[in-house]
Structures are given as structure tokens and as C-alpha cells.
Amino acid sequence: MSSRAEIFANIRRGLGRTEASESQRETVRQRLQTHPRNSIPARGQQEPEAQVELFIRMAREAAAEVIPLADMTQLPQAVADTLEAKGQHELVMARDDTLTQLGWAGVHERLHCHQRTGQVGDEASLTLAFAGIAETGTLMLYSRPDSPTTLNFLPDTHLVVLQRKDIVGVYEDAWDRLRQLSPGRLPRTVNLITGPSRSADIEQKLQMGAHGPRQLVIYLIG
Amino acid sequence: MSNTQTAPIKVGLFVTCLADMFRPEVAFATVRLLEQAGCEVEVPAAQTCCGQPAFNSGDNHSSCSIARQTIEAFEGYRYVVGPSGSCIGMLHHYPELFADDDPWKARAEDLRSRAFEITSFLVDQLNFSGIQSGFSGRVTYHDSCSGLRELGIKQQPRQLLSEINGAELTEMQEAETCCGFGGTFCVKYPDISNRMVGNKTEFAVSSGAGTLVGGDLGCLLNMAGKLKREGHAMQVRHIVELLADMTQTPAIGESDFDLAKAL
Amino acid sequence: MQIKSPEFKQSARIALQDVNLQKALGNLKAGFPGKRAAAVARLPEFDRLRDEARDLKNHILEHLDLYLEQFEARVVENGGQVHWCRTSEDARQTILQICREQNAKTVTKGKSMVTEEINLNEYLEANGVRPVETDLGEYILQLRGDHPSHIIAPAIHLNLEDVSEAFHEHHKRPKLNDPAELMAEAREMLRKQFVAADVGITGANFLVAETGSTIIVTNEGNGDLTQTLPKTHIVVSSIEKVVPTLEDMTLFLRLLARSATGQEFSVYNTLSSGNRRPDDQDGPENFHVVLVDNGRSDMVGTQFQDMLRCIRCSACMNHCPVYGAVGGHSYGWVYPGPMGSVLTPQMIGIEQAALLPNASTACGKCEEVCPVRIPLPKLMRHWREKEFERHLTPRAVRWGLGSWAFLATRPKLYRLFSACASRFMRLLGSKKGRISSLPLASGWTDHRDMPVPTGKTFMQQWHARQQQETKS
């Protein structure tokens, strides 16, 4: 008997049956299809204004920097300012039109922009967030040709653009949006990111910047 | 003569083997409290031990024998009350020992529904607030594990202590952390047990209280033994001794010798 | 790794005297419990979520075969491969085979306790494949030839000096004493490894049947670099980690970080659903999921089934006074603390692991903090039952219990015995009220005095009183 067959036989024997009944199969089918929600924390069910406030508070608590901007046109200056303050001038950005079509020429003396995957040695990257989850100040990003995953992990500083309107209360709202975006199949990689990389493995002392970005900056647009 | 008095509640006392052997005053104090609260107390002769040592060692056969004996001994009492969270907790485990189709299971469940630890009985069942005690001093309370986590005993002893005018309760750090007794654990793993009780006595002494109080003799004997070995003056008593105003006798691990010294 | 569980008592004794370890354990106790408590206090729904999580896990186990089937089908649809491994040996061989197919020289690893369980690293090394641990704690341990002592903070038993020494020796760089500098050096060293790796191996915190996804939860981001940079990503996971939907996964995630470190949410929660898509600029071309049984399917339908609810958060060991006294290595195998005391006998046999489920006072703190309400003390007691049934209990203990039970079921004889024992002890120590040395109970009297009975037994006194009352 193959390992697979043995394992299944063993599980079924333990459950006191051979094959599952039709009603059991239906239960499973139903759950997978309708994906019912379990209990949702009240903190994620507030009015939109309050949700945004919560997102900002939780993200900052997780050591992310949150910089509100009125609209996207302000982004290139804001990014140049952010990076200059850190002594950084190289930026790798995602290829999304909403990013690339901005006025980067206006800051070309302060900032050199590239569009590629992340590489060891990259100072900073700029990507778009698909959603922000207020419950824990978490960003949701997903992999696609325009926005390779390595941009989220290799550079020292990760800059993320998040639209106010894309802030939801709880993860469940984000899953619903993701399913609409990508019905039937999730993107290859979905990242939920809450603050910069850290570790307390050395004597239980918390340090930022283990392997992922040392700093996470969120530009909140709108 | 009008009969306005309610009939006394018939209670079977579960003595516990530790009270029986090491500190009978705990059982006497429990009787006194129950009588103060309007109960008529009997002590079924066929009781010995709740069976914890066998149960915790995986000896189900012996556990069942002891359980049956105990169930039978206490049938017919409205309530079964004892001065120990772990022993009464053990009585609450009896149903687990019997198969669903075993008639003993129902009898065990019945006992379970009638079995209470003393402070929980006084507060939760009888709503008793008639504590009269001349005890005076600062006390700190150790929450024994079984009582706390199996029977929900936390606020009841504190509520009763608050009725003693002279008693001042000061909480110790980590009052809920295990003292390291654990029945056979303290002799099977003495080094670890010693570390745990050493931590506990440190916290108890740091509380600044003169008396360490608790609801389980296993824990109390363990902590008293350690305090004495470490040379501390802190006294250890079972809570019923304070509540029943029976603190004129030596504390646990002390003798008239110490009592004389203290006076 | 070598099994040392039979030496638990000796290991514990050494651990209790180990000043550095005790300091490290002190840090653990000063950190995790308080942080968890704070996180729980901030989420009013926490206890309700625990009930739901327990019920959901029970539902999953009732339909485990069905959810696993669905998970497998989705992974295959996503272009991945699923490998079923009944034993540790199966799993090792399967993983090696995949590495060989890729001509892998070096593999990077995200933190995975199940790969410790199947002893993967040793096996890969012996077969010409070099595994490189990338989780900072695991990396330090690998340099030292050491093993995890905690399931989420693997190097918690080490101090700064240990890390400093290890880096100095292996990196061939000047000795550093600052935690930030040490971490920066590790970051630099491991970046080269991430890029050079042919294969990346991670664990999985959960497997999502709805989408055929696996999820890893880290704070460092090492798992992400491990799985994104190499051509091949291998996920090694045990079979009971499957959950039905993204919403169900979310329920457990809400409990996981809070129960573990007291964080609201770990920094990186990453969902992987198969291999690189057309036009993706990065990501693995090959996605393998290696599912490990190793005794788990044997637990289904038994009195140990509840243990399969475990989500590997570590709350139990963080709150256990025994773990807090002796640390994880004393348990002698992969999984320590209360969860280790239940799993180890299952995986390596009760003969070798018997000391573990006995090294507990059944205080119940573990069950109190378990996010999925596993009745750990009850499960440990079930192991003691098995031990007793199979006559593995030490003879002296068995004899003592047997004698006690004999007396306890004969009340009249018991009264006689207790009256004598009481008298005997009073003779030994009545002056002081306590005994300092009792030959048969040196386990007790080595460390503490034994309070002496205060007089005749209660039953003797009560009986005397009753008789007096009858007379008067």
C-alpha cells in the first residue's frame, strides 16, 4: 500500500468508518464554497474614519512609519525626502502604472529609480499595497509580474503606498476583496506585513532588521 | 412554638487523609464552620482516601475500587464537603472512571453534583457570611491548583477572609503558581519540586504577611516544611483554622515549643 | 538527534544548577506570560475565539481525510506536487530525492520543528546536501551543533556570550558583543546563502484546503527569502495542519501570535499557492508539499486525538513551572514542555519517554492558556495509565500504590494503619512539631522538614467524641 493509502486508511479507521458519507462530503463542500466567517473582533467593525485611525495606530505600534499624503502626486517628493533623510538615493520600484506614471523626473537629482526584482544590496523599494487591515495595522500585498515579491523583502527600506479607501477592518474583508480580484485561484504569494523585520533570538532583546527590511514606511493616500 | 427554623442541611464530611493523619484540627474546624452555617454534620466511617495517588499514577483499577467505596459511603447526604480542593476535585473526576453504560457512572455524577470544597460551599451554596474569628494579623493566600483550575476557587476564600476583622490580606506574587507538591511528584522529582517550593516560599515571605494560608494540606505541608527548613518565622495554616477561630494551636510544622517561644 | 528523554532526571538536575540557563529561563518567564496576558486583555473576544478554535479543530479532525484530499487537489491545480510520507524515513528520502533532482548543493531552511522531528539536517548532510538554517535562532544553534530548546524561540537557552563566540569562530570576524551588531552580521552572512541556495525548505503553520495554499508565520522574513529566491520551494508539514478556508486560517492566526509572544500579529504571514506564474519576475518554479504522518494518523480516534488540535504556539511551555525550572533540553527530544510530554511518547514510544508525562504536578496552567483548549494534564495522565498497564511504572512506585490502595479499600485496616503511622511520626518529631530526616522519604526531607501529626488521627478523636456524647 502506498504511503498515501496507508495514511488515509489509518485516519478513516480512527474515525470509525471507511469512506465518508455523502452528508459529510456535502458539509465539507459547503464550508469550502461558502467560507463562512468565524467570530470577528469588534475593533475591526467600526466606522471607516475610526478604522483608518485604528490602522494608523496599530501600524505605528508595530514600528511602521505612517506618512499621510493628500494624493499620489505628492509621492515622489515624499519618497525623496524619506530616503534622503536616511542617506539613501537608490530606489527600486514596482512596475504598476499608478507608480511609474508619477512625476519621478522632478526628483531625479535626489533619487535614481529602477524597475526590476529586488536584489541583495538594494537600499529601498517602493510597492503598492492591495489592502490595509485595521485590526492589526497589517498590509496585504500580492505577487504579480509588475510587483515581484523580492521587492518586499530584500531592500533595507520598504516603502509601501496604501490608499485610505483600501483600508478594511478585518482580514476577512481583505480575503473577500482578494477573491474578487483573483477568482478561483490565489496569486502565487500573498504577504501580510505588519511592521519591519525583527528578532528577539539574542537574549530575548528585540532588534529590528533580521532578514527582511529594517524599516517599513507606509504612505497613506487620501 | 412556631417552627420558623429551616431543617438543618445534612452534610457528609469528607475528612481527607492528610487532615485525618496530619492535622485533625482542619477537619474539626470544617465541622465547626458547617455547624455555624446551619448544617448537621456526619462523618461516614467507610471513607479513607479520595484515590488521587492511584488516579494520578494511572492505576485505574485501584481508583475505581476507592471511588466505589467513596460513592457508597456518601450516598444519602444532601452535600459532601471537604477542606481540600484537590480531594473534592478528585471526587469530581470519578465519573471519568466508569464507562457510559456502567451504573456507577450515574452514581458518580450524582456525588459530583453534591461534592464541594468548604469555602466554595459556604460562599456559593450557602451564601454564608457569619464568620466570627478573633484572628488578627497579615495573611497571604496560596491558590492551590486543583481548587483554582478545577473548581474555580479564587474569590471565595478571600471573601471569607475579609470577614475577619483582624485579618489583613496581602497578595503575594505568583499566588496562582504551583507550589511543587503535586502528590507523588514531590518525591519522584524532588529537585524540581524543591525549586518550585523554594520560589513559592520566597514570594510568600516577600509579601510581608505573618501567616501563609491556603485550602489544601498537601500544599500547606509542603510550603510549611520548606519555610521551616529555611528558618523563616512565617506561619502556615489552613484557611478553616482562621475562619473557625481555631488558631490557638501551633501552626503547621510547629509545636507547643514554638508556640511558647512566640508568646 | 539523539534521544535523551530517559535521562530526564539527570538532565533536569544539571539544568537546575546551570546558572546561565536559569538566567535565560528567568528572561523567558519575565517576558512571555506577561506579554500574552496583555495581548489577551486587549482582545475581549479572545476566550470565545478559543472555544471556536477548539470546535473547528475537532470538526477538521472528523473530516481530516476529506480536507486533505481537497488540499491536495488544489495544490496540484496550482502546479504543485504533494508527497505523502507515513514515516520520518519516507519524508527524509522524499526531500532528498527532490533535492537530488535539482542537483542541489545548498538548501536554505526556514524554521520548521517537523524537520527537527524527522531529523532532516543530519540526513541531508550525510547525503551531500548542505542545509543552512536561516532563522536567527536556528542559525546560531546550527553553528554550535546544538538543537532547539523551545518550539518558537529555539535559542532561548543561550546567552549573548554563546552567540558572540559562535559568530566569531564561524564567521572568522572580530568578536562582537552587541546584539544589534551580531544580528547585522548574521543578516550579511545569510544574504549570500539565500541567493546561492538551489532549494528552499520551509515548514507550514497551516495548510488551506480551499485554495491549496500553505502559510508560514515569521517575524524575521527569513522564510520568505528561503521560499522566494531558489528555483524550488519545498514545504514540509504534518498532516493535521490542514484547515478548511482562509477565514478558518484567520481564526487560528488571531490566537497564534498572541498566545506565543503576545504580539497582535507576527510581522510576516505569507500565503503560498503554487509555483511561479507566467510572467512572474521571481518566485519558485517548483512547489512541493511534503506531508508527514509519523504517528499522527494513529492518534485519530484515540484518547489522544485532542493533541492533534495543537497549533504549536508554545503558550503551554511558557507557563509551565516545570519547563520554567529545567528548560527544553531536559526533555531529551524535539518537543519540550507539556505538549512535548504528550507528543514524545507517541512518537518515540512510552518506554523511552515515560519520565516526561510523569514530570508534572498536573497544575493545569498549560490547559488554562492553551488557545485550542487541549486537556494536557488529562492526556499526560492517559500516558501514565498506559505506562501502568504495561508495567513500566517503577516497581517501588507500583508496590507503594498497591499497598496504599489495599489499605484505602479496607477502612478498618486503614484506621489501624493511620493511627500507628501517626503515633510513629509523633514519636520522631513531636517536640519540634517537625521531622528533618525521614529514611523512606528522603525525596521530601532532603529539601524540607516534614510537619508531624498534631495528635491522634481525626477519626480516632471523632470516634472518641461520639462515644462520649453517647454516654452523656
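Let's start inside chain A, where the C-alpha centres of domain 1 and domain 2 lie 40 Å apart. Domain 1 covers residues 1-36 of chain A, and domain 2 covers residues 43-221. Please keep in mind throughout that this is a predicted model.

From here we can step back and look at how the chains meet. There are two pairs of chains in contact, and chains A and C share the most contacts. Chain A and chain B, on the other hand, do not touch: their nearest C-alpha atoms are 18 Å apart.

The meeting of chains A and C deserves a longer visit. Here 79 residues of chain C are in contact with 62 residues of chain A. On the side of chain C that touches chain A, helix H10 (residues 179-196) gives the most, with eight residues. What kinds of residues make up this side of chain C? They divide into 31 nonpolar, 26 polar and 22 charged.

Strands also link these two chains. Strand S9 of chain A (residues 189-193) pairs with strand S9 of chain C (residues 268-272) in the antiparallel sense, over five bridges. To find this pairing in the structure, look for Val190(A), whose bridge partner in S9(C) is Leu271(C).

Now follow chain C to its open sheet. Six strands form this sheet, in the order S1-S10-S7-S4-S2-S3, and the pairing is parallel. Strand S1 (81-85) and strand S3 (130-133) of chain C stand at the edges with a single partner strand each, so one side of each is left without a neighbour in the sheet. On average, and with direction ignored, neighbouring strands of this sheet are turned by 25° against each other. As a general point, strands of a sheet pair through backbone hydrogen bonds, either parallel or antiparallel.

One pairing in this sheet joins strand S7 (residues 232-238) and strand S10 (residues 286-292) of chain C, in the parallel sense and over seven bridges. Within it, Thr232(C) has Asn286(C) as its bridge partner in S10(C).

Finally, let's turn to the nonpolar residues. In soluble globular proteins, nonpolar side chains tend to be buried together. The largest nonpolar core here has 286 residues, and those with the most contacts inside it include Ala129(A), Val81(B) and Phe252(C). Helix H12 of chain C (residues 246-260) supplies the largest share of this core, nine residues. Ala129(A) makes a good last stop: not counting residues up to four places away in sequence, Ala129(A) touches Leu139(A), Met140(A), Leu141(A), Val160(A), Val161(A), Leu162(A) and Asp166(A).

Definitions and conventions:
Residues are numbered from 1 along each chain as its sequence is written. Chains are lettered from A and ligands numbered from 1 in the order in which they are written. This is a predicted model: local features need pLDDT of at least 70, side-chain atom pairs count only at pLDDT 80 or more; totals for chains, interfaces and linings use all residues. Domain bounds come from an automatic or database domain assignment. A nonpolar core is a set of buried Ala, Val, Leu, Ile, Met, Phe, Trp, Tyr and Cys residues joined through C-beta atoms within 7 Å. A residue is buried if 20 or more other C-beta atoms lie within 10 Å of its own, exposed if 12 or fewer, and partly exposed in between; C-beta atoms are placed from the backbone. Helices (H or I, at least four residues) and strands (E, at least two) are DSSP runs, numbered from the N terminus. Two residues are in contact if their C-beta atoms, placed from the backbone, lie within 7 Å. Ala, Val, Leu, Ile, Met, Phe, Trp, Tyr, Cys and Pro count as nonpolar, Asp, Glu, Lys and Arg as charged, and the others, Gly among them, as polar. Two strands pair if DSSP finds at least two bridges between them. Axes are lines fitted to C-alpha atoms, for helices over the stretch in contact, and angles run from 0 to 180 degrees between N-to-C directions.
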